[in-house]
Amino acid sequence: MNSTKLSIVKSTAPVLKDHSREIGTRFYNLLFSRAPELYNMFNQSNQKRGLQQEALTYAVYAAGETLDHLKNIEPLIMRVAEKHVALGVKPEQYPVVGEALLQAVKDVLGDKATDKVIDAWSEAYNTIADAFINLEHDLYEGKEQKPGGWHGFRDFRVVKKVEETDLVTSFYLKPEDQQPISSYEPGQYLTLKADIEGETYTHMRHYSLSDVPGKDYYRISVKREEGNGEVPDGVVSNYLHNRVQEGDTLPFAVPAGDFTMMNDDLPIVLISGGIGLTPLMSMLNTLADTGRSVTYIHATQNSSVHAMKEHVEQLTSEYPNVDSYACYDSPTAEDRSAQNFDKEGFINLDWLKSILPSNQADFYFCGPVPFMKAVNKALKDWNIPEKQTHYEVFSPVSILEEQKSEKPSVTASR
């Protein structure tokens, strides 16, 4: 791309950001009208909540703003590429997406979207698409060729279904073909393709693997998403909780995801909020018998919704390298009487300083967006280097920190 077009893209990227929701809404309307089969790939619950609409354009803005230094957003690119591979995105789908996106920009920006602007963004999109296509080709190939790996979706039988709390249930999965299964890195996820009776389209969902790798089964732990007047019930989570039973089969893609542990000697601090414990539980189970120092902190409402509490307490008592803490924002009278939590309220920096020996550690955190923003700010205020903070958010995109640097603190996720 020549310097003139690059300058146009970088100067107009903030305009796309400012109109991200409108462009995203128009984009998906155009895309689904032209390629309705893609309804089977996109999370329709997130569509109804308006989450994906803003996420799409924000990701494009981030790529456009750093087009001449894409390495600066390498974590975002890798995260999106892993998700695309998990969903089965194909190279031939990129032109369809590009056409709908550029038309959406024209429709929303009107006179601001001059021919020169659209031409520059067209070339920018093709550059970004080529980068994704090449990266995803390598990811597909690597995952399929890995021992026990596969391409597409593979049937797994639910061999055990365990209720962890009223809202969280674990599903133990073994391959229907009884052949070996691919190992994975703690923090990665499986992608379910759910064909649900009564639903017009297939529903695709990512669920973190919640146990140690290397076993002959996979385990996912799923929270039943309950709706309210404005937000509908989670279609797939309720299907899994209410209708899927032991002995049923479900199709899953090969493990994917880039939220994995660094190979260094620093102590590890795991911080989870709510169902964000699932990838961190895989990390904790893996770390327990390595001797590496690990501190696990979980924040939730109270013990009635605290999944895997007894398991974590057992690890803490058995392994001298494991410490754990519970933070309840709404403890019950029984919680207070039993003193079965360590802090009432929310995680904050003063409390982290009081329980951790120092800030010399690798920090991994996962949970709802407000929780993530609070943890991210606390670690930043404690001067934790960016290379020592790692996170996963269960939403299409989360802006943890607005900043003017060339590296936006953004994560595109589930």
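**Reading helix α5 and the chain around it**

Visitor: Which residues of α5 are buried?

Guide: In α5, they are L76, I77, R79, V80, A81, E82, K83, H84, V85, A86 and L87. Buried here means under 20% relative accessible area. This is a predicted model, by the way.

Visitor: Is α5 mostly covered or mostly exposed, then?

Guide: Mostly covered: eleven of the 14 residues in α5 are buried.

Visitor: How do I check the span of α5?

Guide: Count 1.5 Å a residue, then look at the two ends. α5 runs over residues 74–87, so its 14 residues should span 20 Å, and the end C-alpha atoms are indeed 20 Å apart.

Visitor: What comes just after α5?

Guide: G88, and its phi is positive, at about 85°.

Visitor: Zooming out, how many helices and strands does the protein chain have?

Guide: You'll find 13 helices and 14 strands in the protein chain. With a radius of gyration of 22 Å, close to the 22 Å that the globule rule gives for 414 residues, the chain is as compact as a globular protein of that length. Its C-alpha atoms fill a box of roughly 65 × 50 × 45 Å along the principal axes.

Visitor: What share of the residues is buried?

Guide: Buried residues are 53% of the 414. For contacts, take those with a separation of 6 or more: 72% of them join residues 24 or more positions apart.

Visitor: And what does the chain expose?

Guide: About 19000 Å², with carbon and sulfur atoms supplying 48% of that area. As for charge, there are 41 positive and 59 negative side chains, and the centres of these two sets lie 3 Å apart.

Definitions and conventions:
Residues numbered from 1 in each chain as written. Predicted model: local features only at pLDDT ≥ 70, side-chain atom pairs only at ≥ 80, totals over all residues. Heavy atoms only, no water. Helix = DSSP H or I, 4+ residues; strand = E, 2+ residues; numbered from the N terminus. Rg over C-alpha atoms; globule rule 2.2 N^0.38 Å. Buried < 20%, exposed > 50% of the residue type's maximum accessible area, 1.4 Å probe, protein only. Contact = heavy atoms within 4.5 Å. Areas by Shrake-Rupley, 256 points an atom, 1.4 Å probe, with all protein chains shown as cover. Lys, Arg positive; Asp, Glu negative; His and termini not counted. Charge placed at Lys NZ, Arg CZ, Asp CG, Glu CD. Expected span 1.5 Å × (residues − 1).
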